[in-house]
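Here's a quick tour of a few local features worth a look. Pull up the structure and follow along.

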Amino acid sequence: MWPGSAYPLGATYDGAGTNFALFSEIADRVELCLIGKDGGETRIELDEVDGHVWHAYLPAVTPGQRYGYRVHGPWAPAAGHRCDASKLLLDPYGKSFHGDFDFSQALFSYDRNAEDPASGGTPPRVDSLGHTMTSVVINPFFNWANDRAPRTPYHHTIIYEAHVKGMTQNHPGIPEELRGTYAGLGHPVIIEHLKSLDVTAIELMPVHQFLHDQRLLDLGLRNYWGYNTFGFFAPHYQYAATHKAGGAVAEFKTMVRAFHEAGIEVILDVVYNHTAEGDHLGPTLNFRGIDNAAYYRLLDGDLRYYKDFTGTGNSLNARHPHTLQLIMDSLRYWVLEMHVDGFRFDLASTLAREFYDVDRLSAFFDLVQQDPVISQVKLIAEPWDVGEGGYQVGNFPGLWTEWNGKYRDTVRDYWRGQPATLGEFASRLTGSSDLYEHTGRRPSASINFVTAHDGFTLADLVSYNEKHNEANGEGNADGESHNRSWNCGVEGPTDDPEILALRAKQMRNIIATLMVSQGTPMISHGDELGRSQFGNNNVYCQDSELSWMDWSLCETNADLLAFFRRATNLRRAHPVFRRRRFFAGTPIRSGDQYRDIAWLTPSGREMTPEDWDAPFGASLAVFLNGEAIPEPDRRGERVVDDSFLLCFNASPEGMDFVTPDGRYAQEWSSALDTATPTGASDTVVRAGQTVTLEPRSVLVLRKTS
């Protein structure tokens, strides 16, 4: 054993040996435990300590070596300390893990049969070796060939939110041994599908190593979504087709390389707000036993318990310098070593809590702002948590984009016929300047979505009024109850052709609205196929056919897929739908006869304040001037596009729309029509003429002369 170095943290193989480094401010002693093929351990005392980092270099240790730590220190829950050397602890910086947890008494540092397990009494000291996972030394070397990050500008971006297993488990074009894996996701048939939808970025639901919690396993379920991380540097090894220890790392990198070759970015949904160790009754896996008070927010006045801003039992202590370092080191690792292109931060408001209140100038955001690596990738916030004051849509700093929950709610309300939403609908359609312009951000700061993994699928949004989560084993008490959905007249499956036709049109209305809205659109995987979860709006525990994509729907719902492609192709082809700056609403140059945008009534005249305030407004037209785009392209050239007239009719009645006078255009032709199954239409209309929109439909007209 050589002294080694306190940096970098974790296990780092350099081609000759491995450096081990572990932070613990509270430890009295730390033992590195090397696990043999027979499951036995060799304990090595770490004598070198610098700045509370315990370290050593072992020349003989090579990739594939399994290991863990035993931390000797105070067991004093009342003071916030929970060191228990009977627990083989996982490396917080572990790049790969192996094995599984059996959830026996050995994983817990309290007597699970005690009357008061939180009392802080002496732990039972049952050795967890053989009952827990182990960390694995990886080979960091990989042939990236000519890999280059696509660096797609936000205003050219279409995000596709996907689940590694759910996307690939049932695809007939993927070899069986690759289904449900990183290799399967990077398969050409998946990439070709995404390219056909003009997708530029795939946003992966959590792939950091996560835990299937015992409660779900006891019910015969699993933590399908993966928002239960304990390894922030490791790709979840159960998504790897390669079963050898550490093989998930190279397989993940190969997947990223394949996406980059196709010009598709990879964004990770990351969960730095809490860990899988849960509350005071959870298992001791790593952070709790290494330095509980440093890694977690503890309850003021009773340090035995955890502050919980996430609803999952604990919150990471982003105020502590070493916890902040862990988060930042993890982010840099995934960018520099794994070549990912951005992150979506789950319950991001938790990271902004300095004390109780959400502070957008907290230390975490300061670090991100000045970091030369992280500040240059896509940063997407889920701008809320479950704590008081946690809803922070529009309040994140300038570098950040946000899941726009107000966009989701407004579009849902508009198409299900809620009254008095025209003004709000107009704001969301034009990029939500009321939320983002005051922080100097552009329309692309709004990640526009109507459906996501959390909630109804698009097909279920138009098929169910109520959630149906009975399969989750919680008496249908889990999941959001206020879904802003409409079943079109019948709850769930039906063979009524009129209701089926209306549901199909409502799906087309929503996707058409999404694709002509300013901002950055996000599609939820399977919506393009009409995927249903049969009313379950919270499939976090359903690793089954219920949540996996049914690729046979490509044929069953071929018209819907064709409509999606027509809508995304329209957006890609026309910069007027993806402007870099907000609309001004006034002439851009003195010679213009009309504005960059105009709001019109169905009669063709410009809307007045009285029109906006009408209590049951459901129909309007929007003129987008393709010749009044002020921002240049990346080479400084003027951007000129076709002009469009967007006609929206959310009314249950048909509506006559009069095209505006000849100042706007002499003739219009249909570019997208939700009244037809594929969106194709041969409608042509002259200036001042009338075109009739079906009940609940969208017509996108392009200026032809």
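## A covered strand

Start with strand β21, residues 520–524, which is mostly covered: 5 of its 5 residues are buried. Keep in mind that this is a predicted model. The side chains split in two directions, with Thr-520, Met-522 and Ser-524 pointing one way from β21 and Pro-521 and Ile-523 the other, and all of them are buried.

So who are the neighbours of β21? Strand β12 (residues 159–162) runs parallel to β21 and is joined to it by 3 bridges. Within that pairing, Tyr-160 has Ile-523 of β21 as its bridge partner. Strand β20 (residues 446–448) also pairs with β21 in the parallel sense, this time over 2 bridges. Here Asn-448 is the residue standing opposite Pro-521.

## An open antiparallel sheet

Elsewhere, 5 strands make up an open sheet, and its order reads β4-β3-β7-β11-β10 with antiparallel pairing. Its edge strands are β4 (41–45) and β10 (97–98), each of which pairs on one side only.

Take a look at the β10 end. Strand β10 is joined to β11 (residues 134–136) by 2 bridges, and the two run antiparallel. Phe-97 sits opposite Ser-135 of β11 there. As a general reminder, strands of a sheet pair through backbone hydrogen bonds, in either the parallel or the antiparallel sense.

## Rings and charges

If you like aromatics, there's plenty to browse: the count comes to 42 aromatic pairs. In one of them, the ring centres of Phe-252 and Trp-334 are 5.3 Å apart and the planes are at 80°, so this pair is edge-to-face. The pair links distant parts of the chain, as Phe-252 belongs to helix α5 (residues 247–261) and Trp-334 to helix α7 (residues 321–336), 82 residues apart. Both Phe-252 and Trp-334 are buried.

There are charges over ring faces, too. Arg-344 lies over the face of Trp-403, 4.0 Å from the ring centre, while Lys-378 lies over the face of Tyr-154 at 5.0 Å from the ring centre.

## A serine in a loop

Last stop: Ser-651, found in the loop between β24 (644–649) and β25 (655–658). Is Ser-651 buried or exposed? Its relative accessibility is 12%, so Ser-651 counts as buried, the cut-off being under 20%.

Which residues does Ser-651 touch, leaving out those up to four places away in sequence? The contacts are Ala-618, Ser-619, Pro-695 and Arg-696.

Definitions and conventions: Residues numbered from 1 in each chain as written. Predicted model: local features only at pLDDT ≥ 70, side-chain atom pairs only at ≥ 80, totals over all residues. Heavy atoms only, no water. Helix = DSSP H or I, 4+ residues; strand = E, 2+ residues; numbered from the N terminus. Buried < 20%, exposed > 50% of the residue type's maximum accessible area, 1.4 Å probe, protein only. Contact = heavy atoms within 4.5 Å. Pairing = 2+ DSSP bridges. Phe/Tyr/Trp six-rings, centres within 6.5 Å; stacked < 30°, edge-to-face > 60°. Lys NZ or Arg CZ within 6 Å of the ring centre and 35° of its normal.
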